[in-house]
Amino acid sequence: KCFECGEPAQANHHVVPKALGGTQTIPLCNKCHSKVHGKNLIHLAKLKEDKLKEMAQQGQPPAGGLPPGYKRIGKSHQRQTVIDEENKWVPIKLFDLCLNGQTTRQMSTYFNTTEWPLSPATVSNLLRNKLYIGEIIYGSTSVLNSNLCIIDRDTFLKAQQSLDERKPAIHKNGSYPKGRSRWRSIKPKSA
């Protein structure tokens with residue numbers, strides 16, 4: 001039953017927005033719920049944007065998937081990103097293979113025999129991910145969190161140099177060859 005008008009409730013509205021740590025909800029019908037989120041009231045997108053920026057400034061990666069070697073712990077509004085001790089071997093092995101001269105395709109082939117299948121494009125993107133050296137980037141905000149460092153800066157920079165030396169040529173139109181895509185969240189194969 002809607003808290004405001006008594007009609008059947010269709011939504012549970014957070015009194016304090018989740019982005020600000022709210023946990024309590026009240027039942028509202030769709031009509032009353034839309035009134036709460038009207039043009040001149042709270043803009044959830046702005047609240048979310050502010051929360052993500054605040055997380056980055058506090059040394060926590062904002063939302064989205066985490067690369068192998070990390071996990072989130074805690075309740076939704078108080079989540080912390082920590083090193084996943086069980087899976088931190090993935091980035092360590094990845095950087096080791098890179099520094100030993102393996103191509104992204106060879107590294108992909110290696111990882112496809114494990115519980116962590118990775119495409120060559122994903123391998124390349126993971127090797128460029130500054131979270132592995134504890135650097136969190138969100139928009140123009142960049143913060144160093146040494147508690148999230150899995151790879152030392154020296155190793156990371158050597159890997160960047162290695163990748164740059166074998167970087168594919170860019171097409172005349174300014175695009176990369178087929179297969180060079182943005183990294184997405186990946187999870188291990190189910191056992």
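# Exercises on a predicted model

In helix H6, Asp 154 and Lys 158 lie about one helical turn from each other, because they are four residues apart. The model is predicted.

## Exercise 1: A pair within H6

Decide what kind of interaction joins Asp 154 and Lys 158.

*Solution.*
- Step 1. Take the closest N and O atoms of Asp 154 and Lys 158: they are 3.9 Å apart.
- Step 2. Apply the cut-off: a salt bridge needs a side-chain nitrogen of Lys or Arg within 4 Å of a carboxyl oxygen of Asp or Glu.
- Step 3. Conclude: Asp 154 and Lys 158 form a salt bridge.
- Step 4. Add the surroundings: Lys 158 is partly exposed, at 47% relative accessible area.

## Exercise 2: The other charged pairs

How many salt bridges does a search of the whole structure find? Describe the pairs of Lys 88 and Glu 135.

*Solution.*
- Step 1. The search returns four salt bridges.
- Step 2. One of them joins the side chains of Lys 88 and Glu 85, with N to O at 3.1 Å. Lys 88 is partly exposed, at 29%. Glu 85 is exposed, at 53%.
- Step 3. Glu 135 pairs with Arg 153, with the closest N and O atoms at 3.8 Å. This pair links distant parts of the chain. Glu 135 sits in strand E5, Arg 153 in helix H6, and 18 residues separate them.
- Step 4. Compare burial at the two ends. Glu 135 is buried, with a relative accessible area of 15%. Arg 153 is partly exposed, with 43%.
- Step 5. Recall the principle: side chains of opposite charge can pair when their charged atoms come close.

## Exercise 3: Cysteines

How many disulfides does the count give? Check Cys 5 against its closest cysteine sulfur.

*Solution.*
- Step 1. Recall what is sought: a disulfide is a covalent bond between the sulfur atoms of two cysteines.
- Step 2. Find the closest partner. For the sulfur of Cys 5, the closest cysteine sulfur is that of Cys 29, at 3.7 Å.
- Step 3. Apply the cut-off: the sulfur atoms must be within 2.5 Å. The Cys 5 to Cys 29 separation is therefore too far for a bond.
- Step 4. Give the total: zero disulfides.
- Step 5. Note the accessibility. Cys 5 is partly exposed, at 41%. Cys 98 is buried, at 1%.

## Exercise 4: The fold and its core

State the pattern of elements along the sequence, then say which elements build the largest nonpolar core.

*Solution.*
- Step 1. Count the elements: six helices and six strands.
- Step 2. Read them in order: β-β-α-α-β-β-α-α-α-β-β-α.
- Step 3. Size the core. The largest nonpolar core holds 29 residues. Among those with the most contacts inside this core are Tyr 70, Leu 94, Phe 95 and Met 107.
- Step 4. Assign the core to elements. Two or more residues each come from helices H2, H3, H4, H5 and H6 and from strand E5. H3 gives the most, with five residues.
- Step 5. Look at Phe 95. Beyond four places in sequence, its contacts include Leu 126, Leu 127, Tyr 132, Phe 156 and Ala 159.
- Step 6. Set the principle beside this: in soluble globular proteins, nonpolar side chains tend to be buried together. Of the 191 residues here, 34% count as buried.

## Exercise 5: A loop residue

Is Leu 131 buried or exposed? List what Leu 131 touches away from its sequence neighbours.

*Solution.*
- Step 1. Locate Leu 131: it belongs to the loop between H5 and E5.
- Step 2. Use the cut-off of under 20% for buried. Leu 131 has 7% relative accessibility, so it is buried.
- Step 3. Leave out neighbours within four places. Leu 131 then touches Pro 61, Leu 66, Pro 67, Tyr 70, Ile 136 and Leu 148.
- Step 4. Tyr 70 ties this to Exercise 4: it is one of the residues with the most contacts inside the largest nonpolar core.
- Step 5. Check a long-range distance. Leu 131 and Gln 60 are 71 residues apart in sequence, with C-alpha atoms 9.9 Å apart.

## Exercise 6: Confidence

In which elements is confidence lowest and highest?

*Solution.*
- Step 1. Start with the average: the protein has a pLDDT of 80, and 78% of the residues score at least 70.
- Step 2. Rank the elements. H2 is lowest, at a mean of 70, and H3 is highest, at 96.
- Step 3. Flag the weak stretch. Residues 180–185 have pLDDT below 50, with 15 contacts in the model beyond near neighbours in sequence.
- Step 4. Return to H2. Lys 51 is found there and is partly exposed, at 22%. The C-alpha atoms of Lys 51 and Leu 20 are 7.2 Å apart, across 31 residues of chain.

Definitions and conventions:
Residues numbered from 1 in each chain as written. Heavy atoms only, no water. Core = buried A, V, L, I, M, F, W, Y, C linked by side-chain atoms within 4.5 Å. Buried < 20%, exposed > 50% of the residue type's maximum accessible area, 1.4 Å probe, protein only. Contact = heavy atoms within 4.5 Å. pLDDT = per-residue confidence, 0-100.
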